[in-house]
Amino acid sequence: MTDLILEMKSISKQFPGVQALQDVDFSIRKGEIHALVGQNGAGKSTLLKILSGVYHKDSGKVTLNGKELRRWTPQQMIDWGVSFIYQELNLVQSLSVAQNIYIGREPKNPMGLIDWNTMRARAEEALARIGVSELDVNTHVNQLTVAKQQLVAIARVLDMNPTVLILDEPTSRLGLEDAERLFTILRNMQEKGLSIIYVTHRLSNIYRLSDRITVLRDGKLIITSDTDKLPAGELVKHMVGQEVVDLSYGSKKELDQMLLQVNGLFGSGVNGFDLKLHASEVVGLLGAVGAGKTETVRLLFGIDERSEGVIQIGDTVLENHTPTRAISAGMALCPEDRKYQGLLLDNSISENVTLAGLEKFALWALFPNRKKEKSTVLELVNRLRIATPEITTHSRSLSGGNQQKVVLAKWLCTDSKVFLFDEPTIGVDVQGKAEIYQLLHELADQGAGVLFVTSDIEEGLQVCDRVLVMYKGQIVAKLDPRESNKEEASLYAMGGSPDELH
Amino acid sequence: MNFTKEFVQKYTVFIILIVLFVIFSIASPTFMQVDNLMNLLVQSTILGIVGFGLVMIMIAGEIDLAFAGVIPFEGAIFATLLTNGRPFWVAALSTLAIGLLVSYVISLLVTRLKLVSFVSTIAMMFLLQGIWYAYTGGKNIYLEDYFNRDIVFGLVGAVPRVVILFAVIFIILYFLTEQTPFGLRLRIVGEDPESARTMGLNPIVYKTAGFLIGGAIFAIGAFLSTARMSGALATAGANMLMPVMTAAFVGQTVLGMSRPNIPGVLLAALLLGMINNAFVLLRLPFWSVPIAEGLILIIAIYLTNINKRDVVQISM
């Protein structure tokens, strides 16, 4: 008991209409990595926001280092040694690496002005402490990959010498190697006595890293257990509350009607990409982060200009390619970053859903047919099981999985035949993922062609009818998921060849 | 190609400034005379100082157009107090106090009631212009007998005092915004309030500070414009609205910063002041000045956006 650093006891929190947390106990020991898991809406974020001081608890007791806390602000919590790294990282994009590490703690010279040299030198030290030497601290953060940005965020937080570090979904946008690197850093920190709370949806991460697991569901504590005493199957059962069958979704398909044909596509980050996508199939495009998957999708949809190559939908060859033309030719895109590209967060579900297929619901896009709009949206909300009280609810207030479904519903309103999904399951919980997989196949069964882009190799193999593996802007392997396995696909994704397996 | 683009983007305002300077000095023999150059500086001064105030608020991610109402209103208070025989320092401090009060009210509207600053400060501008008419009965208040213009426009050597004031304010604000922790944080709050909050900075505090500093600088602008016209005039603010906004936006392009900044306003104010000055000397028709200003604003906004791929991105 003495080694408990932080203890939260019977925490409850009510929001209008929702009991977000009910009598939740949560504690962390010195030097442990504690996984906090649960589906979207289980109460993980609420619990962490109470801890960080963004929300205030309705009742319960919080003890930090043996002292009971009454009411605190985010800044106080940081000062007491409890630091957070959120999924969005929250770095200021237009500032340099060094500035981001020292915002709020800027080194000053005797005149009260910022001492830029000291700031740069200390930033380099802070990065070196987590084993990062390749970053120029003068680089603006917006020039860095997500993985590098995350290293900056970690360097920033660790430089404040926290006793507890909380990470929210840290690997959701990282490739294999970057995730490995992160794990190594976290283990090193653990050895130095840092306690880590690790929030994630990825089972493999939980078992690779954590010492203990706490599962929340519907705002209640389900179980806290040592990791080695809680097998994966049981863990998922606790999270979902019912048995989920782990099934493979893909199957061998008859390929007759060609929907999308791409030959010799070149462009920024893409060096010769070929694709044949047929009706009724789900094709996976796998690869590590940075392999050129998103770039390919952007070229296919006409967002970026290709330098070479032919894109053909049905019999139509797309010249002067723009997103508008892609849409009218029957293409639909659910982009990687739904918050910025796929969804109008401050508009209602209904407005988002009817946006792309507006002509269907309004004569000349001017005179809306509200009744038709409402019935269609309601039908889609039910069909996709979007969890929302009203169709007029703002998209911002939905969970990640439900936001993704709204983007999907938008395209279901159009007459699209070719669907491009770029990382649709990022930040989505187990059950939400299963629903999205099912929807992809429903689309295919209705005659659409689906291109499913993911950096989660396991997921790609599980979901798709056939998969293409991309590395450095090129397809390096075409695999049948039923005859391949994760090791083989991962190897291709890292630029290796199958001989190395033996 | 990329290099040229970057170069052009960074130095356009400098280049325009130098090219026009050369053209003007060739075209008009009087342009290069010390008297005229000083006159040019004086003309840029008020524009530049009020522009500084606006940019302090823009750095915090907000905008305050109420200065077009605040400046005549503060001028009227200042003039009334002087004509009623109050000492100079009482009038000056009262003006400053009124300015801070108005800015504080605006900051409450924006940070507490979460109103959009663009719209709510336009509302505040109308409100104050109305109050000006009610307060003065619609008459300009002249100060010839009460106020010695030399306090502001007297020379130190060859340099008018107001130009020295301009330089001092510039240096203070430059260091404040670009070299101090406060300036860096103000910018972070303006650019990314969400991240600022998670880094433990309170956006409300910094935004309020931005409005108050801006308000204090507007009060200095009100004092200078009253001194320049020897009285509180109804048109004092409205005439300034567009040129000041132009200076603030053109200033964003300087050095390719693509963000509101103090040195940029200085250069932009000099540029606009020079155009005004030279076009008069060259006897160009009066309508050519707004045309030139309009063109420069368009070029500036284009250059601010040159590297951004999105269709339009004007941040207020």
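Trainee: Starting with strand S3 (residues 33-37) of chain A, how many of its residues are buried?

Mentor: Five of the five are buried, so S3(A) is largely enclosed by the rest of the structure. Buried means that 20 or more other C-beta atoms lie within 10 Å of the residue's own, exposed means 12 or fewer, and partly exposed is in between, with C-beta atoms placed from the backbone. Strands here are DSSP runs of E with at least two residues, helices are runs of H or I with at least four, and both are numbered from the N terminus.

Trainee: What kind of model is this, and how is it numbered?

Mentor: It is a predicted model, in which local features need pLDDT of at least 70 and side-chain atom pairs count only at pLDDT 80 or more, while totals for chains, interfaces and linings use all residues. Residues are numbered from 1 along each chain as its sequence is written, and chains are lettered from A and ligands numbered from 1 in the order in which they are written.

Trainee: Back to S3(A). Which residues sit on which side?

Mentor: Ile33(A), Ala35(A) and Val37(A) are on one side, with His34(A) and Leu36(A) on the other; all are buried, and both faces of the strand are covered. In a regular strand the side chains alternate between the two faces of the sheet.

Trainee: Which strand does S3(A) join over four bridges?

Mentor: Strand S9 (residues 212-217) of chain A, running parallel to S3(A); there, Leu36(A) has Thr214(A) as its bridge partner. S3(A) also pairs in the parallel sense with strand S8 (residues 195-199) of chain A, again over four bridges, and Ile33(A) is partnered by Ile196(A) in S8(A). Two strands count as paired if DSSP finds at least two bridges between them.

Trainee: Different sheet. What is the order of the open sheet of six strands in chain A?

Mentor: S16-S19-S20-S13-S21-S22, with mixed pairing. Its edge strands are S16 (331-334) and S22 (474-479), each of which pairs on one side only. From one strand to the next the twist averages 20°. Angles run from 0 to 180 degrees between N-to-C directions, and axes are lines fitted to C-alpha atoms, for helices over the stretch in contact.

Trainee: In which sense do S13 and S21 of chain A pair?

Mentor: Strand S13 (residues 282-286) and strand S21 (residues 466-471) of chain A are parallel, over four bridges. Val283(A) stands opposite Arg466(A) in S21(A).

Trainee: What does helix H18 of chain A touch?

Mentor: H18(A) (residues 486-493) packs on the sheet against S13, S21 and S22 of chain A, and its direction makes about 35° with that of S21(A). Helix H16 (residues 430-445) of chain A lies across S13, S19 (418-422) and S20 (449-454), and runs at about 155° to S20(A). Contact means that the C-beta atoms of two residues, placed from the backbone, lie within 7 Å.

Trainee: And the open sheet of four strands in chain A, what order is that?

Mentor: S12-S11-S14-S15, with antiparallel pairing. The edges are S12 (270-278) and S15 (316-317), each pairing on one side only. Strand S14 (residues 308-313) is joined to S15(A) by two bridges, and Ile313(A) stands opposite Thr316(A).

Trainee: Odd backbone next. Where is Glu169(A), buried or exposed?

Mentor: Glu169(A) is in the loop between strand S7 (164-168) and helix H6 (176-191) of chain A. It has 20 C-beta neighbours inside 10 Å, so it counts as buried. Its phi is positive, about 50°, although Glu169(A) is not a glycine.

Trainee: What about phi of Asp23(A)?

Mentor: Also positive for a non-glycine residue, near 50°. Asp23(A) is in strand S2 (residues 18-29) of chain A and is partly exposed, with 13 other C-beta atoms within 10 Å.

Trainee: How many residues of chain A are in contact with chain B?

Mentor: 18 residues of chain A, against 16 of chain B. Helix H2 (residues 74-79) of chain A gives the most to the chain A side, with three residues.

Trainee: And chain B itself, how many helices and strands?

Mentor: Chain B has 13 helices and four strands. Buried residues make up 44% of its 316 residues. Its C-alpha atoms fill a box of roughly 65 × 55 × 35 Å along the principal axes.

Trainee: How many residues of H3(B) are buried?

Mentor: 14 of the 17, so H3(B) is largely enclosed by the rest of the structure. Just after H3(B), Gly85(B) takes a positive phi of about 85°.
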